[in-house]
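Got your viewer open and a selection box ready? Here is a short tour, one selection at a time.

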Amino acid sequence: MNLSLYFKKFFNNSQSSGIILIFCVLVSLLIANSSAAENFQHFLDKEVGTHIFGLEYPVSIWINDGLMAVFFLLVGLEIKRELVEGELSSFKNASLPIFAAVGGMLIPAVVYSIFNTGTEYSNGWGIPMATDIAFSLAIISMLGKRIPNSIKIFLAALAIVDDLGAILVIAIFYTEQIHWSYLLLSFGVTALLFILNFLKVTRTIFYIIPGLFLWYFLHHSGIHATIAGVVLAFSIPTNASNVEISPLEKLEHQLHIPVSFLIMPIFALTNTNITFSSEMVAGATSTLGLGIICGLVLGKLIGINLFSLIAIKLKLSSLPQNSNWLQMIGVGLLAGIGFTMSIFIALLSFKGEIPIQDEAKFAILIASFIAAIAGFTILSISSKENPELEEN
């Protein structure tokens, strides 16, 4: 095969990005538990940027708040396109991820609280509420065409609503101070973006520049800045036609390869560098560890599917097109991949308490591993029950 054609096929294969992501996770864990761990962490903590306008941050912040905002921009573009012309264009389909996400946040928090109410770990109830959108979408992408596209869109929409919910929880319960002046400026830029959309401005550069200011203002407000990517995505114009390529579709196409094969691998490499210790392992069977593991694995599974079932029985929503409940169970499990957002909430929940933070990290890693394997397995089994999907 011609080398250029081989690389083209590789980069167009949705499974390739998932494989690279898993490889980066393994490399990161190996580095974190080797003699290179200290140097790698020093690199992540190194501040880069400029003092001007307060734009000097550690490398890890630039990755988690900067590069991941671009990831959220891409996912937001995909969700908006599906809302306008695809799987989420009907109210019943669009409402299901919202109901599912609410259940997927409430039930895990309840499960965690059952284990930890009245203990020194009670403040960590927000830990199992989060879904790591990057890793969950990477795992489901590895299944390729073996599952319906509607299920992938459902998981992406659910994860976005879940992340927005987690950001609100962090802002309300875990943020020490919100800078309201920057938040008001964020609202002003958001209004400008949608005014540009209303005026039918089609050149994306006129959205990207205000989007950079939106990221800056949100970051300085104290709220997780990745939400800027979603807001920007929903302001970029599109159309319901499959004939004319819209500005949204052009930008989505341009971002696909750099996000899948650069941003997400960098994110995985820098966010899974967890150094194992005996104390962490012991903590997996404590009420903290059990609350996190049961919350992420069982809480997510039960919450997402229970609230989805209620919404469907009340005829408020409907199952994603060409899907079944076995696939919904698989998605419920994949949503239990908490990883980086859960670790972030754990750090905020137990500030300065390093041993507890380490125990929480290990429990999150175990839960995310169980959720990923179980979710992938269930979805693989569901594809064997629907062999026609392989042919499409």
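What follows is a walk through a predicted model, stop by stop.

**Stop 1: the hairpin.** Select residues 47-50 and then 55-58. These are strands β1 and β2, which run antiparallel and are joined by four bridges. Now pick Val-48 and look across to β2: the residue standing opposite is Tyr-57. Between the two strands sit four residues, and in this hairpin Phe-53 has a positive phi near 65°.

**Stop 2: the rings.** Colour the aromatics next; the structure holds 11 aromatic pairs. Stay with Tyr-57 and add Trp-62: their ring centres are 5.4 Å apart and the planes meet at 70°, so this is an edge-to-face pair. The angle settles the label, because anything over 60 degrees counts as edge-to-face. Which partner is buried and which is partly exposed? Tyr-57 is the buried one, with a relative accessible area of 12%, while Trp-62 is partly exposed at 27%.

For another geometry, select Tyr-182 and Phe-217. This aromatic pair is tilted, with 6.4 Å from centre to centre and 35° between the planes. The two residues are 35 apart and link distant parts of the chain: Tyr-182 belongs to helix α8 (residues 180-198), Phe-217 to helix α9 (residues 205-221). Check the surface around them as well: Tyr-182 is partly exposed, with a relative accessible area of 25%, and Phe-217 is buried at 13%. The 20% cut-off for buried falls between those values, so the two get separate labels. Now extend the selection with Phe-213 and Tyr-216; together with Tyr-182 and Phe-217 they form one aromatic cluster.

**Stop 3: the cavity.** How many cavities of 30 Å³ or more does a search of the whole structure find? The search turns up one. The largest cavity holds about 60 Å³ of space. To see its walls, show Glu-87, Leu-88, Asn-93, Leu-96, Pro-97, Ser-150, Phe-154, Ser-318, Pro-320 and Gln-321 as sticks. Then highlight α5 (91-116) and α7 (149-174), each of which supplies at least two residues of that lining. The largest share is from α5, with three residues. Colour the lining by residue class and you should get five nonpolar, four polar and one charged. The charged one is Glu-87, because Glu counts as charged.

**Stop 4: three lysines in loops.** Go to Lys-145, in the loop between α6 (133-141) and α7. Lys-145 is exposed, with a relative accessible area of 61%. Try the distance tool from here to His-224: the C-alpha atoms of Lys-145 and His-224 are 33 Å apart, with their positions 79 residues apart along the chain.

Move on to Lys-200, which you'll find in the loop between α8 and α9. What is unusual to look up here is the backbone: Lys-200 is not a glycine, yet its phi is positive, about 65°. Lys-200 is also exposed, at 68% relative accessibility.

Finish at Lys-315, in the loop between α13 (287-313) and α14 (325-334). Where does its phi lie? Phi of Lys-315 is near 60°, again a positive value in a residue other than glycine. With 62% relative accessibility, Lys-315 counts as exposed.

Key: Residues numbered from 1 in each chain as written. Predicted model: local features only at pLDDT ≥ 70, side-chain atom pairs only at ≥ 80, totals over all residues. Heavy atoms only, no water. Pairing = 2+ DSSP bridges. Phe/Tyr/Trp six-rings, centres within 6.5 Å; stacked < 30°, edge-to-face > 60°. Buried < 20%, exposed > 50% of the residue type's maximum accessible area, 1.4 Å probe, protein only. 1 Å grid on protein atoms, 1.4 Å probe; cavity = no way out; pocket = protein on both sides within 12 Å on 5 of 7 lines; lining within 4 Å. Points joined across faces, edges and corners; volume = space filled by probe spheres on them.
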